[in-house]
Amino acid sequence: MSAEEAAGIATEALLRLSRDPEQIGRFLAFSGIGPEMIRQAAAEPGFLAGVLEFYMTDEPLLLALCENAGIRPTMIAAARYALAGGLEDHA
(Lines give C-alpha, C1' and ligand atoms only; values in the text may rest on other atoms or scores of the structure.)
Protein backbone atom coordinates (compact mmCIF):
# COMPACT_ATOMS: atom_id res chain seq x y z
CA MET A 1 0.00 0.00 0.00
CA SER A 2 1.33 3.42 -0.89
CA ALA A 3 1.72 6.16 1.69
CA GLU A 4 -0.87 8.20 -0.22
CA GLU A 5 -3.45 5.39 -0.07
CA ALA A 6 -2.71 4.89 3.62
CA ALA A 7 -3.07 8.61 4.32
CA GLY A 8 -6.40 8.61 2.50
CA ILE A 9 -7.71 5.77 4.66
CA ALA A 10 -6.47 7.43 7.84
CA THR A 11 -7.91 10.81 6.85
CA GLU A 12 -11.29 9.22 6.20
CA ALA A 13 -11.03 7.49 9.58
CA LEU A 14 -10.26 10.81 11.29
CA LEU A 15 -13.19 12.51 9.54
CA ARG A 16 -15.57 9.77 10.66
CA LEU A 17 -14.15 9.98 14.18
CA SER A 18 -14.64 13.75 14.29
CA ARG A 19 -18.36 13.30 13.60
CA ASP A 20 -18.83 11.33 16.84
CA PRO A 21 -18.34 13.51 19.94
CA GLU A 22 -17.89 10.53 22.27
CA GLN A 23 -15.29 8.83 20.08
CA ILE A 24 -13.34 11.99 19.30
CA GLY A 25 -13.18 12.62 23.05
CA ARG A 26 -11.81 9.11 23.57
CA PHE A 27 -9.31 9.64 20.75
CA LEU A 28 -8.09 12.93 22.21
CA ALA A 29 -7.60 11.25 25.59
CA PHE A 30 -5.83 8.32 23.89
CA SER A 31 -3.52 10.63 21.95
CA GLY A 32 -2.93 13.09 24.78
CA ILE A 33 -3.83 16.16 22.73
CA GLY A 34 -6.48 18.77 23.29
CA PRO A 35 -9.20 19.66 20.81
CA GLU A 36 -7.50 22.95 19.99
CA MET A 37 -4.33 21.09 18.98
CA ILE A 38 -5.80 18.56 16.56
CA ARG A 39 -5.03 20.51 13.37
CA GLN A 40 -1.46 21.13 14.45
CA ALA A 41 -1.02 17.52 15.54
CA ALA A 42 -2.43 16.26 12.23
CA ALA A 43 0.62 17.71 10.49
CA GLU A 44 3.00 15.71 12.68
CA PRO A 45 4.57 12.49 11.43
CA GLY A 46 2.85 9.51 12.93
CA PHE A 47 -0.43 11.26 13.73
CA LEU A 48 -2.43 9.45 11.06
CA ALA A 49 -0.88 6.14 12.11
CA GLY A 50 -2.07 6.97 15.63
CA VAL A 51 -5.60 7.51 14.34
CA LEU A 52 -5.57 4.01 12.87
CA GLU A 53 -4.03 2.56 16.03
CA PHE A 54 -6.93 4.04 17.98
CA TYR A 55 -9.40 2.23 15.74
CA MET A 56 -7.41 -0.97 16.10
CA THR A 57 -7.86 -0.84 19.90
CA ASP A 58 -11.66 -0.91 19.59
CA GLU A 59 -13.01 -3.77 17.47
CA PRO A 60 -16.63 -2.53 17.21
CA LEU A 61 -15.40 0.93 16.17
CA LEU A 62 -12.97 -0.62 13.68
CA LEU A 63 -15.65 -2.85 12.16
CA ALA A 64 -18.08 0.07 11.87
CA LEU A 65 -15.44 2.13 10.07
CA CYS A 66 -14.68 -0.71 7.69
CA GLU A 67 -18.35 -1.35 6.94
CA ASN A 68 -19.09 2.33 6.33
CA ALA A 69 -15.95 2.89 4.25
CA GLY A 70 -16.27 -0.38 2.33
CA ILE A 71 -12.81 -1.66 3.26
CA ARG A 72 -11.49 -4.78 4.96
CA PRO A 73 -10.12 -4.52 8.53
CA THR A 74 -6.77 -5.78 7.28
CA MET A 75 -6.53 -2.61 5.18
CA ILE A 76 -6.49 -0.56 8.39
CA ALA A 77 -3.52 -2.54 9.68
CA ALA A 78 -1.75 -2.25 6.31
CA ALA A 79 -2.36 1.49 6.23
CA ARG A 80 -1.06 1.90 9.79
CA TYR A 81 2.03 -0.06 8.87
CA ALA A 82 2.62 2.09 5.78
CA LEU A 83 2.15 5.33 7.72
CA ALA A 84 4.45 4.22 10.51
CA GLY A 85 7.21 3.54 8.00
CA GLY A 86 7.03 -0.17 8.65
CA LEU A 87 8.04 0.25 12.27
CA GLU A 88 6.07 -1.78 14.79
CA ASP A 89 7.09 0.23 17.84
CA HIS A 90 7.10 3.90 16.97
CA ALA A 91 5.37 5.33 20.04
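This is a short tutorial dialogue on reading helix packing and burial in a predicted model.

Student: Hello! How do I begin to describe two helices that pack together?

Tutor: Welcome! Two packed helices are described by the angle between their axes and the distance between the axes. Let us try this on helix H1, residues 3-18, and helix H6, residues 73-83. Their axes are 8 Å apart, and the packing angle is about 120°.

Student: What word describes how H1 and H6 lie relative to each other?

Tutor: With that angle, H1 and H6 are oblique to each other. Their crossing also has a hand: H1 and H6 cross in a left-handed way.

Student: Which residues make the contact between H1 and H6?

Tutor: From H1 come Ala3, Ala6, Ala7, Ile9 and Ala10, while H6 brings Met75, Ile76, Ala79, Ala82 and Leu83. Sorted by class, this contact of H1 with H6 has 10 nonpolar residues, no polar ones and no charged ones.

Student: Glu5 is also in H1, I think. Is Glu5 buried, partly exposed or exposed, and what is its relative accessibility?

Tutor: Glu5 does belong to helix H1. Its relative accessibility is 48%, so Glu5 counts as partly exposed. Try comparing sequence and space here: Glu5 and Ala79 are 74 residues apart in sequence, yet their C-alpha atoms are 7.5 Å apart.

Student: Now for the faces of a helix. Why do some residues of a helix point the same way?

Tutor: An α-helix has 3.6 residues a turn, so residues three or four places apart point the same way. For a case in this structure, look at H6, where the buried residues are Ile76, Ala79 and Arg80. They are on the same side of H6, because they cover an arc of only 100° around the axis.

Student: What covers the buried residues of H6?

Tutor: The cover includes H1, helix H4 (47-56) and helix H5 (59-69). If you follow the chain past the end of H6, look for Gly85, which has a positive phi near 70°.

Student: Can we read a second pair of helices in that way?

Tutor: Gladly! Take helix H2, residues 21-31, together with H4: their axes come within 11 Å and cross at roughly 120°. H2 and H4 are therefore oblique to each other. The crossing of H2 past H4 is right-handed.

Student: Which residues meet where H2 contacts H4?

Tutor: H2 contributes Gln23, Arg26, Phe27 and Phe30, and H4 contributes Phe47, Gly50, Val51, Glu53 and Phe54. By class, the contact of H2 with H4 holds five nonpolar, two polar and two charged residues.

Student: Let me follow Gln23. Is Gln23 buried or exposed?

Tutor: Gln23, in helix H2, has a relative accessible area of 12%, so it is buried. Setting aside residues up to four places away in sequence, Gln23 touches Leu17, Phe54, Asp58 and Leu61.

Student: Where is Asp58?

Tutor: Asp58 sits in the loop between H4 and H5. Its relative accessible area is 16%, so Asp58 is buried too. Apart from neighbours within four places in sequence, Asp58 is in contact with Gln23 and Arg26.

Student: And what about a residue in H5?

Tutor: Try Leu63, which lies in helix H5. At 41% relative accessibility, Leu63 counts as partly exposed. Leu63 and Glu53 are 10 residues apart along the chain, with 13 Å between their C-alpha atoms.

Terms used
Residues numbered from 1 in each chain as written. Predicted model: local features only at pLDDT ≥ 70, side-chain atom pairs only at ≥ 80, totals over all residues. Heavy atoms only, no water. Axes fitted to C-alpha atoms, helices over the stretch in contact; angles between N-to-C directions. Helix = DSSP H or I, 4+ residues; strand = E, 2+ residues; numbered from the N terminus. Parallel < 35°, antiparallel > 145°, perpendicular 65-115°, else oblique. Left-handed = near helix turned anticlockwise from the far one by under 90°. Contact = heavy atoms within 4.5 Å. Nonpolar A, V, L, I, M, F, W, Y, C, P; charged D, E, K, R; others polar. Buried < 20%, exposed > 50% of the residue type's maximum accessible area, 1.4 Å probe, protein only. Arc of directions from axis to C-beta.
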